[in-house]
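Ready for some practice in reading a protein model? Take a pencil, look at the picture, and try each task before you read its solution.

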Amino acid sequence: MHKRHASQALQPRSLALIWLCLVLLAACGSSKTISPTPTSKPTLHQVLVLPNVGIQDFDTLDPAQGADQNSLVAMNMIYSGLVRLDQNLNVVADQATWAISDDRKVYTFHLQPNITFSDGTPVTAQTYVYTLTRALLPAAQPNETMLFLGNIVGAGNVYAGKTTTLSGVQAIDALTLVITLTQPADYFLQALTNPLAFPLNQTVIQRYGEVDWSNHVARNAVGTGPFIVTRWERNTKMVLVPNPHYYGPHTRLTEVDMIFVPDQHTAFQEYQGGQYSFVWNLTPTDITAAHGLPGYINRTLLETDALFFNPQVPPFDQPAVRQAFAYAIDKSVLAQSAFDNAVVPAPTIIPNGMPGYQPNLTPLSFDRTKALTMLKSVYPDISQVPSITFYYPSALLSSDAASSLQKMWQTVLGIPITLNSVETNAYNLAVGKHQIPFGFTQWSADFPDPYDALALNLVTSTAGNAGNWSNATFDPLVQQAEATTGAARLSLYAQAEQIAINDVGWLPIDHQTMSAVIPPHIHGISLNPMGIYFGDWSQV
């Protein structure tokens, strides 16, 4: 828009002409009063082209069946819930405020009165009773919901198929929801920020079936989030537009085109070619090229890459052998040579930025002498060490990284190590059956609490315990931690983590980082320790 300069001020002759025009207009319209039409800024057609990097398509958009980093992007656009995480991973109110009883077992939520699904159907406390119950029902094929909701009174019976009534969740009235836990859980509000606790439209689920309904999210009122899905082109893209019934500040975007891009390098190349508004989830190779681009950003994630050992299988039934393998790894060299500095060496299981992170724990740091000493304390003749195979999932650990680990172990310990790369789905199935004696695992935070990292992965018989590790001191410490709160709770978790490090329940090797290029003209999108963060879509 051009500004008028002082030298361009209207001259008397021009004023006279304008006065004459106004008189004529008044004469022509003397029988009516003409009100000026208010002017408004034109609505910009803002389309965000969002590459969903590293995925061919979504397996499911049913929150009860679990979510990964990629599907969470869509789920957090389509669904919303009682609470959410802010940029700094603090729990903040979304659809409800809450109060917690003195014994920390009873959570009372007061819902806003204007919450509806995207077709205007009201969301009430009873909607949450239905959703939380369904998330545990065998018919919904729930995945790990007991890890999040298992502390609710009656959850175990629903999950086991003994009842369809979740006794610990009650609708006192339309806007008051009460959830009762079996024991205090400081992580409970964080767990409710996961989409599995977000309200679902019972009518849609009944129409299409407990399992198939999420294939019909397009053009159906499935959630309460800021967007609705208008088109889902399988293996290509998903088109989302603003939800007209959204209760929060509305987005300024008119459309989001979410493009599925399986290959990370391809996504970066296509961003450079102008096909996307921004790009994220860059490969280590592309990070070097991205460094000089406007809007480059990098964050360490709440994530841990670790090795696990089955302590029931020789030679890993001896803690000293597990410790020998830990001492033999130079994590700094590994991060530099095998990961191109795209990871941060991990002395601890819990990463920096997670509540409960303890920088003063004693790690099993690289030490050639200690490594060989520990091995020979069990096998004085190292030729007697049983054959060892390191298994790893082909899509999660590169062959270069596996080879680097192999070389370190063989060089320092003087024993042969065989590598076995396994297709990722087959690998995960084998891990679930405890068929991998020595392997690789990844943990990414579902919510920012040490319970998510330690209790869900290392307590005896928990579903996430890949190596079937068990420690008679570790388990009671976690149990004791969950019976307390605040700093005392975190202190107990610190003790438990030190035990897991010393006994090598897990051998943490690195924490991944995430890189993105978000150009300066794209506002409201950033990275936080859990990945790509959109937060308040009205600011995007």
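Below are six exercises, each with a worked solution.

A word on the ground rules: this is a predicted model, in which local features need pLDDT of at least 70, side-chain atom pairs count only at pLDDT 80 or more, and totals for chains, interfaces and linings use all residues. Residues are numbered from 1 along each chain as its sequence is written, and side-chain values use heavy atoms, with hydrogens and water left out.

**Exercise 1. The whole chain**

Describe the protein chain by its helices and strands, its span and its share of buried residues.

Solution.
- Step 1: Count the elements. The protein chain has 17 helices and 20 strands. Helices (H or I, at least four residues) and strands (E, at least two) are DSSP runs, numbered from the N terminus.
- Step 2: Take the span. Along its principal axes, the C-alpha trace covers about 115 × 60 × 45 Å.
- Step 3: Look at burial. Of the 540 residues, 50% are buried. Buried means under 20% relative accessible area, exposed over 50%, and partly exposed in between (1.4 Å probe, protein chains only).
- Step 4: Turn to charge. There are 25 positive and 38 negative side chains, and the centres of the two sets lie 10 Å apart. Lys and Arg count as positive and Asp and Glu as negative, while His and the chain ends are not counted. Each charge is placed at NZ of Lys, CZ of Arg, CG of Asp or CD of Glu.

**Exercise 2. An antiparallel sheet**

In what order do the four strands of the open sheet with antiparallel pairing come, and which helix packs on that sheet?

Solution.
- Step 1: Recall the principle. Strands of a sheet pair through backbone hydrogen bonds, either parallel or antiparallel. Here two strands pair if DSSP finds at least two bridges between them.
- Step 2: Write down the order, which is β4-β5-β7-β6. The edges are β4 (96–100) and β6 (169–173), each of which pairs on one side only.
- Step 3: Note the turn between neighbouring strands, 25° on average with direction ignored.
- Step 4: Add the helix. Helix α3 (residues 125–134) packs on the sheet and touches β5 (106–111), β6 and β7; its direction makes about 170° with that of β6. Contact means heavy atoms within 4.5 Å. Axes are lines fitted to C-alpha atoms, for helices over the stretch in contact, and angles run from 0 to 180 degrees between N-to-C directions.
- Step 5: Zoom in on one pair. Four bridges link β6 with β7 (residues 176–180) in the antiparallel sense, and glutamine 170 has valine 178 of β7 as its bridge partner.

**Exercise 3. A mixed sheet**

Which strands lie at the edges of the open sheet β1-β10-β9-β8?

Solution.
- Step 1: Read the pairing of these four strands, which is mixed.
- Step 2: Find the edges. They are β1 (47–53) and β8 (227–233), each pairing on one side only.
- Step 3: Add the twist, which averages 20° from one strand to the next.
- Step 4: Follow one pair. β8 and β9 (residues 237–242) are antiparallel over six bridges, with phenylalanine 227 opposite proline 242 in β9.

**Exercise 4. Two enclosed elements**

Why are strand β17 and helix α15 described as largely enclosed?

Solution.
- Step 1: Begin with β17 (residues 438–444). Five of its seven residues are buried, so the rest of the structure largely encloses this strand.
- Step 2: Find its partner. β13 (residues 303–309) pairs with β17 in the antiparallel sense over seven bridges, and phenylalanine 309 stands opposite phenylalanine 438.
- Step 3: Go to α15 (residues 450–458). Nine of its nine residues are buried, so α15 too is largely enclosed by the rest of the structure.
- Step 4: Name the neighbours. The buried residues of α15 pack against α4 (145–149), β17, α16 (474–481) and α17 (486–502).

**Exercise 5. Serine 167**

Is serine 167 buried or partly exposed, and what does serine 167 touch?

Solution.
- Step 1: Locate serine 167 in the loop between α5 (155–159) and β6.
- Step 2: Apply the cut-offs. Serine 167 has 43% relative accessibility, so it counts as partly exposed.
- Step 3: List its contacts. Leaving out residues up to four places away in sequence, serine 167 touches Val153 and Gly154.

**Exercise 6. Backbone details**

Where do glutamate 144 and proline 315 lie?

Solution.
- Step 1: Glutamate 144 is in the loop between α3 and α4. Its phi is positive, about 65°, although glutamate 144 is not a glycine.
- Step 2: Proline 315 is in the loop between β13 and α10 (319–327). A cis peptide bond, with omega about 5°, joins proline 314 and proline 315.
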